[in-house]
Amino acid sequence: MADSLPSDTFEAVVLPHLDAAHNLARWLMRDAASAEDVLQEAMLRALTYFPSFKGVNPRGWLLQIVRNTAYASMSLNRGVELVPMTNASDEPDDAVSRLPSSDDDPETSLIKTRERDRVRRMIAALPIELRETLVLRELEELSYKEIAEVTRMPIGTVMSRLWRARRLLAQAARRDEAA
Amino acid sequence: MPDCDKVLLVQAELDGELGAAEAAALAAHRAQCPICEAAAAELAQARALMRDDLYQPVPEDMRRRVLTALAAAQPPRPGLSIATSDSFGRWRGWWSNGASFGFGAACAAALAFLLLVPAMPPGLTEQIVAGHVRALQPGHLQDVASEDRHTVKPWFDGRLDFAPPVKDLAAAHFPLTGGRLDYLNGRPVAALVYQRDKHVIDLFVWPAAGDTPPQTAERQGYNIVHWSQGGMNFWAVSDLEVAQLEEFVADWRNAP
């Protein structure tokens, strides 16, 4: 029955990428609330413009809309992008992710959560253009070409930003361990 | 660390972006290049930090709110009262499913989707009106507010891959009030905001070849005028009377 779903509707083409849209919005924006605003606005734009979408890469198309919306929102609220999302307490969903999963003993789970939050802070501290490139590559697993399309940058710029992002991240990790 | 111009290739290999021949050539270079070896170690260190649990999927309650907003944004369609009477329900499958999208839900969703496919996909004119209406919501009209075209025009620098022409029509009683980025026809576009009395005029601009004279249309009570000149596409939309909107377009086209 499921294969009788129309394959070219917004529901079938775009909605499966809602998690990706949120992931990018959350990494670009300072807190969960502004990420939600960006996600809402971007999804409404996507719905409006979907009839003109003729490409083969709906995820890249949606991520481009999310990125445009996020940047427009940040230029509207100047300075927002300068504040990294360092504080885990601004995330209402964090309490849930702190719950131990069933296959870990509480201690292991706590260590895992701490480690994740530590890396999260290091990524959040990266300049936004490096952060978005890193997130699109490592978490969304986009190719260089796809990242270039989403960010409207030449592939060479994508490669050098990715390299700078990774080097800063590795340096931050070494500093963190030394401290 | 001194640099080697091959480090980006080392990274490209890590990312699976190199072909076999390039990878072989790089391996030969790496064997003799300590810089590239160090870069590879650093990249591996950074890669090891990027674990799956850093991914931030949409929380369930937020997914529900987004889907509700999307359902509300779907314009009611005449003749589809059965489907539109439960605009909430047709999205239900999307947030209640998770991994357990049941057979019944799938059938219901399929039926709802079939009913809701628009008979005629809205074209660019509808997008223009939708963009205008969306911008009229509080706080959405302009990203840069200024009556000075020397403020509005540079604001677009670096935000678009083209420089939209911005004209001052205050003398013609169509003062500029600002601009914003919008997204139309699958690309970012400039939206210039003008005013006549209490009426807002959106002028959408993006690059296009050709020269076409103004054409007028009407949708949902809004008047729309479209033309192309000087390598740009223009769409003016407003609730102004059509004669006044055409006056705006004529003034725009004649202004220096």
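**Entry 1: the hairpin in chain B**

I started with β2(B) and β3(B), which form a hairpin with two residues between them. In the turn, Asn185(B) has a positive phi of about 55°. I took strands (E, at least two residues) and helices (H or I, at least four) as DSSP runs, numbered from the N terminus. This is a predicted model, where local features need pLDDT of at least 70, side-chain atom pairs count only at pLDDT 80 or more, and totals for chains, interfaces and linings use all residues. Residues are numbered from 1 along each chain as its sequence is written, while chains are lettered from A and ligands numbered from 1 in the order in which they are written.

Next I looked up the pairing, for which DSSP has to find at least two bridges between two strands. β2(B) and β3 (residues 187–196) run antiparallel, joined by eight bridges, and Leu176(B) sits opposite Tyr194(B). On β1 (residues 144–145) of chain B I found two bridges to β2(B), again antiparallel. There, Ala145(B) faces Gly178(B).

How much of β2(B) is buried? Seven of its nine residues (176–184) are, so the strand is largely enclosed by the rest of the structure. For me, buried means 20 or more other C-beta atoms within 10 Å of the residue's own, exposed means 12 or fewer, and partly exposed is in between, with C-beta atoms placed from the backbone.

**Entry 2: odd phi values**

Most residues other than glycine have a negative phi, so I noted the exceptions. Asp197(B), not a glycine, has a positive phi of about 55°. Asp197(B) is in the loop between β3 and β4 (199–207) of chain B and is exposed, with 7 other C-beta atoms within 10 Å. Gln220(B) has a positive phi too, near 50°. I found Gln220(B) in the loop between β5 (212–219) and β6 (222–229) of chain B, exposed, with 11 other C-beta atoms within 10 Å. In chain A, Arg152(A) takes a positive phi of about 55° just after α8(A).

**Entry 3: chain A and the core**

Chain A has nine helices and zero strands. Of its 179 residues, 41% count as buried. In α8 (residues 144–151) of chain A, I listed Tyr144(A), Ile147(A), Ala148(A) and Val150(A) as buried. They fall within an arc of 165° seen down the axis, so they line one face of the helix; the arc is that of the directions from the helix axis to the C-beta atoms.

The largest nonpolar core (buried Ala, Val, Leu, Ile, Met, Phe, Trp, Tyr and Cys residues joined through C-beta atoms within 7 Å) has 94 residues. Those with the most contacts inside it are Ala21(A), Ala25(A), Val66(A) and Ala236(B). Helix α3 (residues 32–49) of chain A gives the largest share, nine residues. I checked what Ala25(A) touches beyond four places in sequence: its contacts (backbone-placed C-beta atoms within 7 Å) include Ala35(A), Val38(A), Val66(A) and Ala70(A).

**Entry 4: where the chains meet**

The contact takes 47 residues from chain B and 49 from chain A. On the chain B side I have 33 nonpolar, six polar and eight charged residues. Ala, Val, Leu, Ile, Met, Phe, Trp, Tyr, Cys and Pro count as nonpolar, Asp, Glu, Lys and Arg as charged, and the others, Gly among them, as polar. The model scores ipTM 0.81 and pTM 0.56.

**Entry 5: confidence**

Chain B averages a pLDDT (the predictor's confidence in each residue, from 0 to 100) of 79. I flagged residues 76–108 of chain B, where pLDDT stays under 50.

How values were computed:
Contact = placed C-beta atoms within 7 Å.
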